[in-house]
Amino acid sequence: AGKRYHFAFYALWIIEVLLTFRILLKLLGANPENVFTKVIYGATYLLVLPFSTIFPPVASTEPGVQRVFETSTVFAMLVYAVLVWSIAKFILIKESRPQR
């Protein structure tokens with residue numbers, strides 16, 4: 001497989017890792033003012049924006065801690081995986097065709 005094929009999966013890996021961090025930070029009630037948390041939320045904001053209103057988040061409020069499970073972020077992860085897999089398959093098909 002070519003470089004473009006591998007690049008697609010590297011990009012997917014980065015997206016999925018960032019979104020996994022977002023899910024964990026929200027689920028564990030991370031401090032939204034923390035620098036690391038701000039970086040992750042900022043880096044993933046545009047990735048989850050198209051999916052943000054598909055499903056409501058599941059929230060559990062404890063005194064001083066708000067835990068949120070973003071079901072729409074999980075859905076976004078699934079959509080990105082299917083999208084990149086489709087693109088990678090298209091690249092394989094295109095690169096395996098004989099050149100004229």
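**Figure 1. The surface of the chain in this predicted model****.** Start with the outside: the chain exposes about 7200 Å², and carbon and sulfur atoms supply 70% of that area. What about the inside? Buried residues make up 27% of the 100 residues in the chain. The charges are worth a look too: there are 10 positive and 5 negative ones, and their mean positions lie 15 Å apart.

**Figure 2. The whole chain, element by element.** Here you can count three helices and two strands. Walking along from the N terminus, you meet them in the order α-α-β-β-α. The radius of gyration is 17 Å, well over the 13 Å that the globule rule gives for 100 residues, so the chain is more spread out than a compact globule. If you boxed up the C-alpha atoms along the principal axes, you would need roughly 65 × 25 × 15 Å. Now take the contacts between residues at least 6 apart in sequence: 64% of them join residues at least 24 apart.

**Figure 3. Helix α1 and its buried residues****.** This helix covers residues 3-27, which makes 25 residues. From first C-alpha to last it reaches 36 Å, close to the 36 Å expected at 1.5 Å a residue. Which residues of α1 are buried? They are Tyr-5, Ala-8, Leu-12, Ile-15, Glu-16, Leu-19, Arg-22, Ile-23 and Leu-25. Notice that Glu-16 and Arg-22 are on that list. The buried residues of α1 pack against α2 (35-48), β2 (65-69) and α3 (71-96). Just after the helix comes Gly-29, with a positive phi of about 70 degrees.

**Figure 4. Zooming in on Ala-8 in helix α1****.** Is Ala-8 buried or exposed? Its relative accessible area is 11%, and the cut-off for buried is under 20%, so Ala-8 counts as buried. For a feel of distance along the helix, hop from Ala-8 to Leu-18: they are ten residues apart along the chain, and their C-alpha atoms are separated by 16 Å.

**Figure 5. Helix α2 and its packing partners****.** With 14 residues, α2 reaches 20 Å from its first C-alpha to its last, close to the 20 Å expected at 1.5 Å a residue. Look for Thr-37, Ile-40, Tyr-41, Thr-44, Leu-47 and Val-48, which are buried. Where do the buried residues of α2 pack? They sit against α1 and α3.

**Figure 6. Ser-60 in strand β1****.** Strand β1 runs over residues 58-62, and Ser-60 is part of it. This serine has a relative accessible area of 36%, which makes it partly exposed. Who does Ser-60 touch, apart from its neighbours within four places in sequence? Val-65, Gln-66 and Arg-67 are its contacts, and strand β2 covers 65-69. Thr-73 lies 13 residues from Ser-60 along the chain, and the C-alpha atoms of this pair are separated by 17 Å.

**Figure 7. Helix α3, with 26 residues****.** From its first C-alpha to its last, α3 reaches 38 Å, close to the 38 Å expected at 1.5 Å a residue. Its buried residues are Ser-72, Thr-73, Ala-76, Met-77, Tyr-80, Val-84, Ala-88 and Ile-91. Spot Thr-73 there: this buried residue is the one paired with Ser-60 for the 17 Å distance in Figure 6. Which helices do the buried residues of α3 pack against? They pack against α1 and α2.

Technical notes
Residues numbered from 1 in each chain as written. Predicted model: local features only at pLDDT ≥ 70, side-chain atom pairs only at ≥ 80, totals over all residues. Heavy atoms only, no water. Helix = DSSP H or I, 4+ residues; strand = E, 2+ residues; numbered from the N terminus. Rg over C-alpha atoms; globule rule 2.2 N^0.38 Å. Buried < 20%, exposed > 50% of the residue type's maximum accessible area, 1.4 Å probe, protein only. Contact = heavy atoms within 4.5 Å. Areas by Shrake-Rupley, 256 points an atom, 1.4 Å probe, with all protein chains shown as cover. Lys, Arg positive; Asp, Glu negative; His and termini not counted. Charge placed at Lys NZ, Arg CZ, Asp CG, Glu CD. Expected span 1.5 Å × (residues − 1).
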